[in-house]
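Q: Please take a close look at one loop residue in the model shown here, and then work outward from it to the rest of the chain. I would like a connected account rather than a list.

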Amino acid sequence: MTGREHHYEVTVTWTGNTGKGTASYLGYGRDHDIATPGKPLIQGSADPAFRGQKDRWNPEELLLASLSQCHMLTFMSLCAREKITVTAYEDAATGTMTEEGGYSGRFTEVVLHPVVTLADPAHAERAAELHHDANKTCFIANSVNFPVRHDPTTLTA
């Protein structure tokens, strides 16, 4: 089914106006809300390194979460298609962003560390291989311009 398009919409609303807008770099909050109909509100901010609130999600964390979610969902789909039963999945993903000149920066790498528990130990080798396939077919990983590596651990129940 190639060529199908999927469209997504979110509304980002800045809530950090302290009364003077962006009149000065130090004078405004970075807080914002991320919303889409029918889903819980996500409270966002900048990374604390960029004057944001540490108790709110920042764009860098959300990008990392998107990559981790996409890999997990793609991997589980591949496992289901091959009749490999996954009973648990957890990923402690890490990412590196490097600041560059001109108030800019970019991610240089993300490493996913999925710990997958399988029902049948006979499928462990194939399940480990499917991480490579998931990485190649994940929509979000295919959309970024930096490497997304994976370092999986496979357990059996």
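A: R51 counts as partly exposed, because its relative accessibility of 40% falls between the 20% limit for buried and the 50% limit for exposed. The model is a predicted one, and in it R51 is found in the loop between strand 3 and helix 1. Although R51 is not a glycine, its phi is positive, at about 75 degrees.

A second residue of that loop, between strand 3 (42-44) and helix 1 (59-81), is W57. With a relative accessibility of 45%, W57 counts as partly exposed. Once residues up to four places away in sequence are set aside, W57 touches I42, Q43, G44, S45 and L62. By contrast, D133 stands 29 Å from W57 in space, C-alpha to C-alpha, with their positions 76 residues apart in the sequence.

At the other end of helix 1, the loop that leads to strand 4 holds K83. K83, a residue other than glycine, also has a positive phi, near 60 degrees, and at 65% relative accessibility it counts as exposed.

Helix 1 leads from these loops to two sheets. One of them is an open sheet of three strands in the order 5-6-8, with mixed pairing. Its edges are strand 5 (94-100) and strand 8 (148-150), each of which has a single partner strand, so one side of each is left without a neighbour in the sheet. From one strand to the next, the twist of this sheet averages 20 degrees. Strand 6 and strand 8 run parallel and are joined by three bridges, and V110 has V148 as its bridge partner in strand 8. Helix 1 packs on this sheet, where it touches strand 5, strand 6 and strand 8, and its direction makes about 30 degrees with that of strand 6.

The other sheet is likewise open, with three strands in the order 4-7-9 and mixed pairing. Here strand 4 (86-91) and strand 9 (153-156) stand at the edges with a single partner strand each, so one side of each has no neighbour in the sheet. The twist averages 15 degrees from one strand to the next. Strand 4 and strand 7 (residues 114-118) run antiparallel and are joined by five bridges, and A88 stands opposite T117 in strand 7. Helix 1 lies across strand 4 and strand 7, running at about 160 degrees to strand 4. Helix 2 (residues 124-137) also packs on this sheet, touching strand 4, strand 7 and strand 9, and its direction makes about 145 degrees with that of strand 7.

Within helix 2, N135 deserves a separate word. Its relative accessibility of 18% lies under the 20% limit, so N135 counts as buried. Leaving aside neighbours within four places in sequence, N135 is in contact with H71, A141, V148 and H150. V148, the bridge partner of V110, returns the contact to N135 and, with the same neighbours in sequence left aside, is also in contact with L67, V110, L112 and A141.

These contacts lead into the nonpolar interior. In soluble globular proteins, nonpolar side chains tend to be buried together. The largest nonpolar core here has 11 residues, namely L64, L67, C70, F107, V110, L112, C138, A141, V144, F146 and V148. Helix 1 and strand 6 (104-112) each supply at least two residues of this core. A second, separate core has 10 residues, among them C79, A127, L130 and A134.

For the chain as a whole, there are two helices and nine strands, which follow the pattern β-β-β-α-β-β-β-β-α-β-β along the sequence. The radius of gyration is 19 Å, well over the 15 Å that the globule rule gives for 157 residues, so the chain is more spread out than a compact globule. Along its principal axes, the C-alpha trace spans about 65 × 35 × 35 Å. Of the 157 residues, 28% are buried, and the accessible surface comes to about 10,500 Å², with 54% of that surface belonging to carbon and sulfur atoms. Among contacts with a separation of 6 or more, 53% join residues 24 or more positions apart.

Conventions
Residues are numbered from 1 along each chain as its sequence is written. This is a predicted model: local features need pLDDT of at least 70, side-chain atom pairs count only at pLDDT 80 or more; totals for chains, interfaces and linings use all residues. Side-chain values use heavy atoms; hydrogens and water are left out. Helices (H or I, at least four residues) and strands (E, at least two) are DSSP runs, numbered from the N terminus. Buried means under 20% relative accessible area, exposed over 50%, partly exposed in between (1.4 Å probe, protein chains only). Contact means heavy atoms within 4.5 Å. Two strands pair if DSSP finds at least two bridges between them. Axes are lines fitted to C-alpha atoms, for helices over the stretch in contact, and angles run from 0 to 180 degrees between N-to-C directions. The radius of gyration is taken over C-alpha atoms; the globule rule is 2.2 Å times the number of residues to the power 0.38. Accessible areas come from the Shrake-Rupley method with a 1.4 Å probe; for residues, only the protein chains shown count as cover. A nonpolar core is a set of buried Ala, Val, Leu, Ile, Met, Phe, Trp, Tyr and Cys residues joined through side-chain atoms within 4.5 Å.
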